[in-house]
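Notebook open, structure loaded. I want to go through the contacts one at a time and jot down what turns up.

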There are 2 protein chains.
Amino acid sequence: MQYSSGMVGLRERKKQRTRRALIESALRLFDEKGFEETTLAEIAAGADVSTRTFFSYFASKEDVVFYDTHERMELVRSLLVRADPGMSPADLLIRVVESSLAWSSAQEELTFEDAELRLRLILTEPTLQARALTVLFDTQLTAAQALHEAYADELSLIEASAAVGALFGSVKLAVIANLESNRSLEQIWDTVRRATDVALAGLRSLG
Amino acid sequence: MQYSSGMVGLRERKKQRTRRALIESALRLFDEKGFEETTLAEIAAGADVSTRTFFSYFASKEDVVFYDTHERMELVRSLLVRADPGMSPADLLIRVVESSLAWSSAQEELTFEDAELRLRLILTEPTLQARALTVLFDTQLTAAQALHEAYADELSLIEASAAVGALFGSVKLAVIANLESNRSLEQIWDTVRRATDVALAGLRSLG
DNA sequence: ATTACAGTTTTCACTTGTTGCAGATTTGCA
DNA sequence: TGCAAATCTGCAACAAGTGAAAACTGTAAT
């Protein structure tokens, strides 16, 4: 019958292994030869499955790079939805950014979990960049909605969107600027924290 | 030889006519049957050219929807680059938004220039939405850079990005929210103006 | 163990976007 | 009119993605 949460049959383990193999194969190839230059046949071959099988794990070639998007977004949403009512909106958003960074650092499931490389890939390949912007956009909408609901008395939806927009806008730029000047992830996170402070100055003044 | 600006030979006129025909054919079909469901062969047929020729006018199927992107971006850049030094950053950004709206309303070149329909198409079709976000992102980068340069003494690049992010973030949301509730373009523009005010409150308080 | 069933993978065929190339066609101009 | 450059077309080829049927493999019940 159905397993409720800890499906640990051979079947399930095999599926996870294949998924991982596909991700690692894809990322390794993208890194070596670039996204456009890598073919689905090659990715599949590297994971020892048929080309067709790739599509029962990922809906498209880009999707494989964003394998953890869903969890990331859930994290953001959950932090915003059950916000401590005592905390100011600005402080809450800061906590969201920090939790998000902490979560990234904590992910080590994959051999290939080199966050910096993935980031560089996304910033480099137009197709991946477009996909990242879509993900970010959805996150932004979710966050603005949640923030507005958490502080319905103080923040209109438009105001919440402005705050979130400021935050994401400055963080995006901080990441890009830093990556271009070849800094380590740690240095980048520092800049992101400063960008956050600046971005939220406006929100604080609304109080 | 080279014509400097007013190329009005038969050749050039014919090219413009074909370009227009392609845009109209594409938008009409996208509207009728959806973006994915429309084939390049159909678009080309509707404009009386071969499928191959489509690609000497547009680099991809999506591109045809964003035929005026370049001019739009030039408008934004030019407004920011030669800013009146007496104007505050917030007022300058407001002017940018208003000029942009005015420009949109003034475009009537195409039979099919139904701005609302194009907007709805972009918001509806994932592929087009992704493309739009890319365009918007580039504009945001350009604007932040230009704003920072125009007010180098007062605004760091991060601060400029935050301001632009707030502006774009709230405007995006205003557009979406309004379009979903089926309002006219005029009503949407009103909301955008209010969103602009809210978004820039933070920037004003920085002064 | 055997077997029937459901979930997975593979194979195959097909559509569509996109590109390179070579051979027409058309246009601008002397 | 006639040549050179710009355009357009048809064709072949490749990669992403999809649908459907056949082959394979855990799972669980007898």
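My entries below go from the DNA to the domains and then to the chain pairing.

Ground rules first. I'm on a predicted model, where local features need pLDDT of at least 70, side-chain atom pairs count only at pLDDT 80 or more, and totals for chains, interfaces and linings use all residues. Residues are numbered from 1 along each chain as its sequence is written, while chains are lettered from A and ligands numbered from 1 in the order in which they are written.

**DNA strand D.** I looked up what surrounds DNA strand D and got 19 residues, near being a C-beta atom, placed from the backbone, within 6 Å. Gly9(A), Leu40(A), Ser60(A), Ser50(B) and Thr53(B) come nearest. I then sorted that surface by class: 6 nonpolar, 7 polar and 6 charged (nonpolar is Ala, Val, Leu, Ile, Met, Phe, Trp, Tyr, Cys and Pro; charged is Asp, Glu, Lys and Arg; the others, Gly among them, are polar). H1(B) gives the most, 3 residues.

**Domains of chain A.** The assignment, automatic or from a database, splits chain A into domain 1 (10-58) and domain 2 (68-206). Their C-alpha centres lie 29 Å apart. Each domain puts 8 residues into the contact (C-beta atoms, placed from the backbone, within 7 Å). On the domain 1 side I find 4 nonpolar, no polar and 4 charged residues.

**Chain B on chain A.** I get 30 residues of chain B in contact with 29 of chain A. H8(B) has the largest share of the chain B side, 13 residues. By class, that side has 18 nonpolar, 9 polar and 3 charged residues.

Terms used. Helix = DSSP H or I, 4+ residues; strand = E, 2+ residues; numbered from the N terminus. Contact = placed C-beta atoms within 7 Å.
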